[in-house]
Amino acid sequence: MKVRTLLLLTTAAMMAAACSQTKQMDKEELLSQMSIEDKAHLAIGTGMAGLGNTNSPTIGATKKLVPGAAGTTYPLDSLGIPSIVLSDGPAGLRIDPKREGDKNTYYCTHFPIGTLLASTWDQQLVEEVGKAIGNEVKEYGADVLLAPGMNIHRNPLNGRNFEYYSEDPVVAGLTAAAYVNGVQSNGVGTSVKHFFGNNQETNRINNDAHISQRAIREIYLKPFEIAIKKSNPWTVMTSYNHVNGKYTSEDKELLQTILRDEWGYKGMVMTDWLGGFDAAQQMRAGNDMLQPGKAGQFESIVKALSDGSLKMEDMDRNIGRILDLIQKTPKWAGYKYSNKPDLKAHAKITRQSATEGMVLLENKQNTLPLDKNIKNVGIYGCTSYQFIAGGTGSGNVNHAYVVSLLDGFKNAGYNYDADLQKKYEDYIKVSAEKYEADMKAMEKKDPGKYMLARFLPTPLPAEMTIDEAKIKADAQKQDVAVITFGRLSGEFVDRFTNDFELSSAEKDLLNKVCEAYHAVGKKVVVLLNIGGVIETASWKNQPDAILCAWQAGQEGGNSVVDVLSGKANPSGKLTMTWPVKYTDVYSSKNFPVDQAANLKFVADGKVHRDVKNVDYTDYEEDIYVGYRYFDSFNVPVSYPFGYGLSYTNFEYSNAKVSQKGDEYNVSVEIKNTGKTAGKEVVELYVAAPNSKENNKPVKELKAYAKTALLNAGEKAVVTLTVKASDLASYDEDNSQWKVDEGEYQFLVAASSRDIKATLSAKVEGAVEKVNDVLKPNVKLNLLRR
Ligand code: BGC
């Protein structure tokens, strides 16, 4: 009783303090005033409407604060601790656009997907996009953005690759760091996710990723390590899956030994939504907060604290980190948000930034940019009329509009065929109505299946068939043909192999259009409006140009036409390898390929060993992910990592390497030798001595930069820096990072298979001891060179 009175008095004092400018939080004092129950509450989110679980009577709390946000922290009113708002996601803030009884709208800008941002290879641009996203977070009253997603593209079929950045840890880490720095410059937080090993969607909640300690260190943890050290994200989100037998959110070796002790991270760790199983163990491990809160967690923590199986000092450590987070937020500062971010200004940012991440894959005889005389465009492919802004699930954004390719052409003053437009729009409408009717029938027949289907990406309409005579007639009238192929994927489910291939209807359309237009000397451009890699080797020679536009956000059609018309010169490069065949990817042996029947949603806390690649996945490719595999084992590819064309050409000259202390500086002169202004991405790979004998990749990307816009004839010197410690590999036998002594090659390149200059420098040997943790729980049959 006495304690409570004191507490209320202190609370009053705190409230008063809250109104003053400084508003300091006395963490120790607050901790001393909290009951066991207060602590358990604060460690758990406010629940998720519709899931029937509770963390006391707070379900629906998020809806009251910012409707559509993913979650909120538990308010402890008596202690003056407010609820802070956590909201997705990587391509922009995801909140409800409309509110009951409110005429205003709350749309957010749909920025380009993560893969496109990474494909810009431009950290400054990513930071600018992050700044704009963070501004919407702040102005809509949220405190922490649940982004960036930065898992490695281990396999092209991961349904969430679109949210992620690359198959390479340096690209993923530096892109994430730039994004975090941009968002957080607004005084709001981020959550780097999903930490780690969530490289497939199938059974993500129970899958046990079996990964060698070396691949963990060099490939899967590396991007997080880079981002954390370079940008200090306010929070980290653990992944759903197990790694080597333990849920990441329950693993002290990961969350304390590596994240805190080795990397020095001081921020807060939260679970992915409903992630993990044993709440008390999550607390012990240092997964500070459980989101969004589910049945049994509160009781489990209170019991463990009461019987001593969870130490109070561990709980206080977690609560302390939660309080540190709250203290940094706009909510704590009482920020009066406007609910009116400058959506017009942000639309400009997304339109321009998207053009910089588009990758020109083919451009025979300078088909692109379109000749100034071209005015009439034959626009084919359903997706041209229904452009895809981004992927589905928590990576989606509730945007006000999406500019289609058709709209983009119209806005730029091109002519189009209204008859073709009507055909496509009618067909899309009928397909959508049929889908809805099927869903209604499913809802009646099988409500469970229906609920699941609603979670998954809505299938795109099968490509429409157009008869040959119509296409031939078009070819006479139009100056050029543009065909869009689209792909949509998202959370909960991986892509299927038939999503990787062109369908027979798509191939048929491509054949007919190429035949008809080429017969009359006109060109065909293929546009890829996709979130992940597709097969190209079998058809890429047919059209005259191919532009990978990715999913470019709400201004997509405008951005694409800016590139097609030459208003913008594409300067994106691929951040992942495009294989000839899907089965060329080494991890395809160990990936849940076409496992639709094995969608599982419930975690039972147990480690299963039943169904390969569903219950467990052996990462047998080890460190040979992406180009590290293709280039070390000389496997042909359709497009290599780091590849992308421009409307101009660049000459690399005068490459030099110099050493200063433990740093190697590589400089190279880049000259625009073409006629159009453009930017070039310069890549620096390093090849270790005796890489084959030492079982290392033939080369690894260590640094990159993009030039400023260079006018025709203009030159720039690009300097890239690599630290000796960046050259270390992980030595499992001795639990250490080890730099082998010897002569290293520094490869200045335009892609992983286009080396422009080979330099060499001597590097001294060095080791750095770390902890022998996260050991595999099974024997793995690892690929070696
Ligand atoms: C996703 C997270 C997301 C969270 C909250 C989960 O399903 O995996 O990436 O942040 O939901 O919406």
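Reader: Which side chain has an N or O atom 2.7 Å from an oxygen atom of the ligand?

Author: In this predicted model, 14 residues surround the ligand, and those that come nearest are D88, R160, H194, D272 and E491. The side chain with an N or O atom 2.7 Å from a ligand oxygen is that of R160.

Reader: How far is a polar side-chain atom of D272 from an oxygen atom of the ligand?

Author: D272 is one of the residues that come nearest to the ligand. K193 also has a side-chain N or O atom by a ligand oxygen, at 2.9 Å. For the polar side-chain atom of D272, the distance to a ligand oxygen is 2.6 Å.

Reader: Which strands pair with β8, and in what sense?

Author: Strands of a sheet pair through backbone hydrogen bonds, either parallel or antiparallel. Strand β6 (residues 189-195) is joined to β8 by three bridges, with V192 as the bridge partner of V236. Three bridges also link β8 to β11 (residues 268-270), where M270 stands opposite M237. The partners are thus β6 and β11, and the sense is parallel.

Reader: Which residues of β8 are buried on the side opposite T235 and M237?

Author: In a regular strand the side chains alternate between the two faces of the sheet. Strand β8 covers residues 235-238, and both of its faces are covered. T235 and M237 are buried on one side; buried on the other are V236 and T238.

Reader: Is R260 buried or exposed, and which side chain makes a polar contact with its side chain?

Author: R260 lies in helix α10 (residues 252-262). Its relative accessible area is 7%, and under 20% counts as buried, so R260 is buried. Beyond four places in sequence, the residues R260 touches include Y265, M268, G286 and R321. The polar contact, at 3.1 Å, is with the side chain of D288.

Reader: Which backbone oxygen does the side chain of S231 reach?

Author: S231 belongs to helix α9 (residues 222-231) and is buried, with a relative accessible area of 7%. Leaving aside neighbours within four places in sequence, S231 is in contact with A177, V180, N181 and Q184. At 2.6 Å, its side chain reaches the backbone oxygen of A227.

Reader: Why do the buried residues of α20 line one face of the helix?

Author: The buried residues of α20 (residues 468-477) are K470, I471, D474 and A475. An α-helix has 3.6 residues a turn, so residues three or four places apart point the same way. The buried residues of α20 line one face because, seen down the helix axis, they fall within an arc of 140 degrees.

Reader: What covers the buried residues of α20, and which exposed residues are on the face turned away?

Author: The cover over the buried residues includes β13 (376-380), α18 (418-445) and α22 (504-519). The face of α20 turned away from the buried side carries the exposed residues A469, Q476 and K477.

Reader: Which strands stand at the edges of the sheet β26-β27-β30?

Author: This open sheet has three strands, paired antiparallel in the order β26-β27-β30. Each edge strand has a single partner, so one side of each is left without a neighbour in the sheet. The edge strands are β26 (729-731) and β30 (766-769).

Reader: Which helix packs on this sheet, touching β26 and β27?

Author: β26 is joined to β27 (residues 736-739) by three bridges, and D731 stands opposite Q736. The helix that touches both strands makes about 160 degrees with the direction of β26; this is α8 (residues 213-220).

Definitions and conventions: Residues are numbered from 1 along each chain as its sequence is written. This is a predicted model: local features need pLDDT of at least 70, side-chain atom pairs count only at pLDDT 80 or more; totals for chains, interfaces and linings use all residues. Side-chain values use heavy atoms; hydrogens and water are left out. Two strands pair if DSSP finds at least two bridges between them. Helices (H or I, at least four residues) and strands (E, at least two) are DSSP runs, numbered from the N terminus. Contact means heavy atoms within 4.5 Å. Axes are lines fitted to C-alpha atoms, for helices over the stretch in contact, and angles run from 0 to 180 degrees between N-to-C directions. Buried means under 20% relative accessible area, exposed over 50%, partly exposed in between (1.4 Å probe, protein chains only). A polar contact is a pair of N or O atoms within 3.5 Å; within protein, one must be able to donate a hydrogen and the other to accept it, and residues adjacent in sequence count only if both atoms are side-chain atoms. The arc is that of the directions from the helix axis to the C-beta atoms. A residue is near a molecule or strand if one of its heavy atoms lies within 4 Å of it.
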